[in-house]
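Visitor: I would like a walk through this model, one question at a time. Please keep the cut-offs explicit.

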Amino acid sequence: MNFDREYYNSKEFLDTLKKYEQAVKLNTIPYFNVEELADLLSYGLANNKFEIALNAFTFAKRLYPNTDECTRMEIRILLFKGEATKAIKLFDNIDIFDEELALLKAETHVMLKETQKAQEIITGLLKNLNADDEYTYYALEILLDCGLAQEVLMLCDKILKKAPHIKSIIEVRAESLVELQEIQSAVEIYNKLLDDEPYNISYWEQLGHIYYMTNKYGKALECFEYETDINPDIDYAMFMQALCYYRMRDYKRAKSIFKEQAQKQNSPLDALFYYALALYKEGDKEGALKIFVNIIKLSQEGSGETMVARVNKAMLLDEMGETTLAEDALSMALLMKSNKDYRQFIFHDSHLYELKNKDWSTFEELNKYELAGWNEAEEIYQLGIHLVKYGHLILAKRVFNYVKELFTDPTDVDAYLAYILWKTDEQTEAQTAITNALAGKSYLVFELFDLPYNANIAVEEFIEQVKQKG
């Protein structure tokens, strides 16, 4: 397996890729050595061309069944699919445990959130690696994934003090600075690297990503444009260009790129999702609704895309006067759970929900997403808040009724239910909710009804004050 992305532009690999493409076209399996298949698999995974990776693994199973090399490839396929539980079981089937396998096992432990085990593997591995060894870079990358950015920065500084020109260590140092949000220092490193290698697409991409994370979308756009000027086939850079246009409210250009990306074969649903959002921003509710319905059909049940698309579908239907259908769509979003990941709902910065992903989040979004203390009840509660904020009171009532049972202290849920029931002329039910909120000493119920806080107020007096405000 070759870790160097620049290798994919070499004649050696391009010949292998050409042989593979001819094999697929002719529906044959010519002879590949196992290293060629491992390189094809790496290329497919690195460039979001999963079909190539899967075919390489299929060839390996036929040509080299029951070998360590084939098992390694299966592990990498499983990790790409997020199936770390299956992957961890396969390590016992491999006889020779080398540096590459140690990295894979550490990566698997990270995915299983067993960071202590991953850290132990990497710490032991680093003791036996030279600073300029290609595996050192990937070992430090895994430590970053373990949340040890400060420790990685110290290791890099220690190495660079003795060997200041090891480029891979400089790159990791820059990444650790980004993780620590020491932005100016990271930008300076990438600018120096680009002075030496102005056509290095990886550096342009990293620099663009930094600017995007700090809300400097114009500068980010320029970097991603440089990247596609060098290589027009990089889908991620095109997607990020579209996101920059979207953030800068140039929905026409954003929509054009998102549409083009979404039409590519085996394209992820991200571009299609944002194409729908761009349509909505331009006022095309029906067009956006049709796409969200299509996303629900295309996406895997239980995925984040499906859940958020259903919520957006519900809000669009409600906005278009189809409240009963909207309630049905919302119920499906809540019932068909998305792998317990409701944290998408904590962001209230736009009416329709976007897809939040670490690959295209700002620092502000990441900090909120990773904030300690979020749990399933709180995340679903945030969906209710969002629906109230944007005027979907009937939908919000359904959410709060659903989530109330998940709280040991549902006082603030009662406050929101009181507000919604009062606003929708269900005053008898509203009085019960107001009683519950006041009994729980809720400040929120006063805030929602725009009344001064009074811990000793009677329910009747509270309701009278609400009526007086009109």
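Visitor: Which residues of helix H22 are buried?
Guide: A word on the source before the answer. This is a predicted model, where local features need pLDDT of at least 70, side-chain atom pairs count only at pLDDT 80 or more, and totals for chains, interfaces and linings use all residues. Residues are numbered from 1 along each chain as its sequence is written, and side-chain values use heavy atoms, with hydrogens and water left out. Helices are DSSP runs of H or I, at least four residues long, strands are runs of E, at least two long, and both are numbered from the N terminus; buried means under 20% relative accessible area, exposed over 50%, partly exposed in between, with a 1.4 Å probe and protein chains only. In H22, residues 393-403, the buried ones are Leu-393, Leu-395, Ala-396, Lys-397, Val-399, Phe-400 and Val-403.

Visitor: What covers the buried residues of H22?
Guide: Contact here means heavy atoms within 4.5 Å. By that rule the cover includes helix H18 (304-319), helix H19 (323-335), helix H21 (376-389) and helix H23 (411-423).

Visitor: Which residues does Phe-400 touch?
Guide: Phe-400 is one of the buried residues of H22. Leave out residues up to four places away in sequence. The partners are then Tyr-381, Gly-384, Ile-385, Val-388, Val-413, Tyr-416, Leu-417 and Ile-420.

Visitor: Which helix gives the most to the largest nonpolar core?
Guide: A nonpolar core is a set of buried Ala, Val, Leu, Ile, Met, Phe, Trp, Tyr and Cys residues joined through side-chain atoms within 4.5 Å. The largest has 114 residues, and Phe-258, Phe-292, Phe-400 and Phe-462 have the most contacts inside it. Ten of its residues come from one helix, spanning residues 270-281: H16.

Visitor: How many residues are in the other core, the one with Leu-103?
Guide: This core lies apart from the largest one. Its members include Leu-103, Tyr-135, Ile-142 and Ile-169. The count is 25 residues.

Visitor: Is Leu-279 buried or exposed?
Guide: Leu-279 sits in helix H16. Leu-279 touches Lys-255, Asp-284, Gly-287, Ala-288 and Ile-291, not counting residues up to four places away in sequence. The C-alpha atoms of Leu-279 and Lys-255 are separated by 7.2 Å, with their positions 24 residues apart along the chain. At a relative accessible area of 8%, Leu-279 is buried.

Visitor: Which helix gives the largest share of the lining of the largest cavity?
Guide: On a 1 Å grid over the protein atoms alone, a cavity is a set of points where a 1.4 Å probe fits but cannot get out, and lining residues have an atom within 4 Å of a point. The lining is Tyr-246, Leu-277, Tyr-280, Lys-281, Ser-350, His-351 and Leu-352. Three of these residues come from one helix: H16.

Visitor: What volume does the largest cavity have?
Guide: Grid points are joined across faces, edges and corners, and a volume is the space filled by probe spheres set on the points. The count comes to one cavity of 30 Å³ or more. The volume of the largest is about 40 Å³.

Visitor: Where is Met-248, and is Met-248 buried or partly exposed?
Guide: Met-248 lies in the loop between helix H14 (235-247) and helix H15 (251-262). Met-248 touches Tyr-217, Gly-218 and Leu-221, not counting residues up to four places away in sequence. With a relative accessible area of 36%, Met-248 is partly exposed.

Visitor: Which residues does Val-187 touch?
Guide: Val-187 is in helix H11, residues 183-196. Val-187 is buried, at a relative accessible area of 7%. Not counting residues up to four places away in sequence, the partners are Leu-207, Ile-210 and Tyr-211.

Visitor: How many disulfides does the structure hold?
Guide: A disulfide is a pair of cysteine sulfur atoms within 2.5 Å. For Cys-146, the nearest cysteine sulfur, that of Cys-156, is 14 Å away. Cys-146 is buried, with a relative accessible area of 14%. The total number of disulfides is zero.

Visitor: How many helices are in the protein chain?
Guide: The chain has 470 residues, and buried ones make up 50% of them. The C-alpha trace spans about 80 × 50 × 45 Å along its principal axes. There are zero strands, and the number of helices is 26.

Note on methods: On a 1 Å grid over the protein atoms alone, a cavity is a set of points where a 1.4 Å probe fits but cannot get out, and a pocket is an open set with protein on both sides within 12 Å along at least five of seven lines; lining residues have an atom within 4 Å of a point.
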